[in-house]
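I opened this structure to look up its empty spaces, its core and its charged pairs. My notes follow in the order I took them.

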Amino acid sequence: MTARELDAAGIADPSLREAYTHCRRLNARHGRTYFLATRLLPLERRPAVHALYGFARWADDIVDSLDTDVPPHARATELARLQRHLEMGLRDGTGLEPVVVALADTARRYDIDHRHFSDFMAAMRSDLEVTDYQTYEDLRAYMHGSAAVIGLQMLPVLGTVVPRAEAAPYAAALGVAFQLTNFLRDVGEDLDRGRVYVPADLLHGHGVHRDLLAWSRATGKRDPRITEAFRSFEDLTRGVYREAAPGLAMLDPVASPCIRTAFVLYGAILDAVADDGYAVLHRRSVVSRRRRAAVAADGALRLAAARIAARGRRRTQPPVTPPSPALAPSPSDSVDGPLHKEAV
């Protein structure tokens, strides 16, 4: 976390600043696509986004680490410990985990519903036991806690130009779209963890079963039935992006370029998967640096235009549900650093 971001957000306590900085490091290391988009946010809102992502990343790493030396019961114990720290942090702001300290402070500043965090933790616990999903409806129920609530946590930070409840379904859908994209890109890695997130009925509709996926992963050989199943999963995912798209215009104009950039970059991952022939069981598809740079540049231009428009209105028409007044925009909320150097 840069000092400018923390200063702009009014975060002065040294231990709290270090907690937010820890979350930013997690975001930069593990969520590089979203980290790039986050740098298009006004300075004072970035720490909160890093706190939300940092906590989610920390919990996800507990259940998803490929370290086979960590048995399931040890992961469950660690997740339970994090749950206790979370409850304590949300209750009175205390805690030993930096990600919890920063998250609790963000939840307080932006009045984020605590149910979103408990729903998320429930989804993480299910990952320790559930290894596949029979239908898309089953998967969607899981993604409420693992993805949709992330979008709902973000809304108070971003601000909206419509009542927040009106924007909420679109924010939830966008969280789901991002996760579905990750599921397709990471099919091979998830299979190594013993999980298949592509619904079984979709796979079976193309003559694909789990053993066939494992065979392809182990041998590096392709099968046209797998390709067609993954193409169908891509089509399903793009439908969720269309479902979420109207919500972009509902966001605070100075926050919208960040989410629009993430929207385009995650969609570009789907493009990369398709261009790579849906070979996700054998390698991870990536977005080219040139494409990332172009998307980031477009986001920066949109942000500049939004700021000019905001100054022209002299802030006489604030968002209907803006971020906390304690985090009023700073005059120094420029995008810092060369965006194109971040990797997806």
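**Entry 1: the largest cavity**

I looked up the lining of the largest cavity and wrote down F183, V187, D190, L191, R195, V196, Y197, V198 and L213. The model is a predicted one. I put the space in this largest cavity at about 50 Å³. I then sorted its lining by class and got seven nonpolar, two charged and no polar residues. Which helix gives the most to the lining of the largest cavity? I found that helix α10, residues 187-192, does so with three residues.

**Entry 2: the second largest cavity**

How many cavities of 30 Å³ or more does the structure hold? I noted three. The second largest cavity has about 40 Å³ of space. I listed its lining as S216, K221, R222, D223, I226, T227, F230, Y278, A279, L281 and H282. Helix α13, which spans residues 224-244, provides the largest share of this lining, with three residues. By class I recorded five nonpolar, three polar and three charged residues for the second largest cavity.

**Entry 3: the nonpolar core**

I reminded myself that in soluble globular proteins, nonpolar side chains tend to be buried together. The largest nonpolar core here has 99 residues, and L139 and F230 touch the most other members. I had already met F230 in the lining of the second largest cavity. What is L139 in contact with, leaving aside its neighbours within four places in sequence? I wrote down Y133, L180, F183, Y197, P199 and F233. Of these, F183 and Y197 also appear in the lining of the largest cavity.

**Entry 4: salt bridges**

Side chains of opposite charge can pair when their charged atoms come close. I looked up the salt bridges and found that the structure holds 28.

I started with D127 and R195, whose side chains meet in a salt bridge at 4.0 Å, N to O. The two residues are 68 apart and link distant parts of the chain: D127 sits in the loop between α7 (115-126) and α8 (136-158), and R195 in the loop between α10 and α11 (200-205). Are D127 and R195 buried or exposed? I noted that both are buried. R195 is also one of the residues that line the largest cavity.

Next I took D132 and R210, which form a salt bridge with their closest N and O atoms 3.6 Å apart. This pair also links distant parts of the chain, with D132 in the loop between α7 and α8 and R210 in helix α12 (residues 210-219), 78 residues apart. Why does D132 count as partly exposed? It does so because its relative accessibility is 33%. R210 is partly exposed as well, since its relative accessible area is 31%.

The third pair I looked up was R291 and D271, whose side chains meet in a salt bridge at 3.6 Å, N to O. R291 is in helix α15 (residues 289-312) and D271 is in helix α14 (residues 256-275), so the pair ties together parts 20 residues apart in sequence. I have R291 at 34% relative accessibility, so it counts as partly exposed. D271, with a relative accessible area of 27%, is partly exposed.

I also noted a network of salt bridges that links R185, D186, E189 and R284.

**Entry 5: the largest pocket**

I moved on to the largest pocket and noted about 1200 Å³ of space in it. It is lined by 49 residues, and Y53, R57, Q179, N182 and Y266 are the closest to its centre. Which helix supplies the largest share of the lining of the largest pocket? I found α9, with ten residues. The helices that each supply at least two residues include α2 (14-30), α4 (46-64), α9 (164-185) and α14. By class, I counted 26 nonpolar, ten polar and 13 charged residues in the lining of the largest pocket.

**Entry 6: A9**

Last, I looked up A9, which is found in the loop between α1 (3-8) and α2. Its relative accessibility is 3%, so A9 counts as buried. A9 and A48 are 39 residues apart in sequence, and their C-alpha atoms are 8.7 Å apart in space.

Terms used: Residues are numbered from 1 along each chain as its sequence is written. This is a predicted model: local features need pLDDT of at least 70, side-chain atom pairs count only at pLDDT 80 or more; totals for chains, interfaces and linings use all residues. Side-chain values use heavy atoms; hydrogens and water are left out. On a 1 Å grid over the protein atoms alone, a cavity is a set of points where a 1.4 Å probe fits but cannot get out, and a pocket is an open set with protein on both sides within 12 Å along at least five of seven lines; lining residues have an atom within 4 Å of a point. Grid points are joined across faces, edges and corners, and a volume is the space filled by probe spheres set on the points. Helices (H or I, at least four residues) and strands (E, at least two) are DSSP runs, numbered from the N terminus. Ala, Val, Leu, Ile, Met, Phe, Trp, Tyr, Cys and Pro count as nonpolar, Asp, Glu, Lys and Arg as charged, and the others, Gly among them, as polar. A nonpolar core is a set of buried Ala, Val, Leu, Ile, Met, Phe, Trp, Tyr and Cys residues joined through side-chain atoms within 4.5 Å. Buried means under 20% relative accessible area, exposed over 50%, partly exposed in between (1.4 Å probe, protein chains only). Contact means heavy atoms within 4.5 Å.
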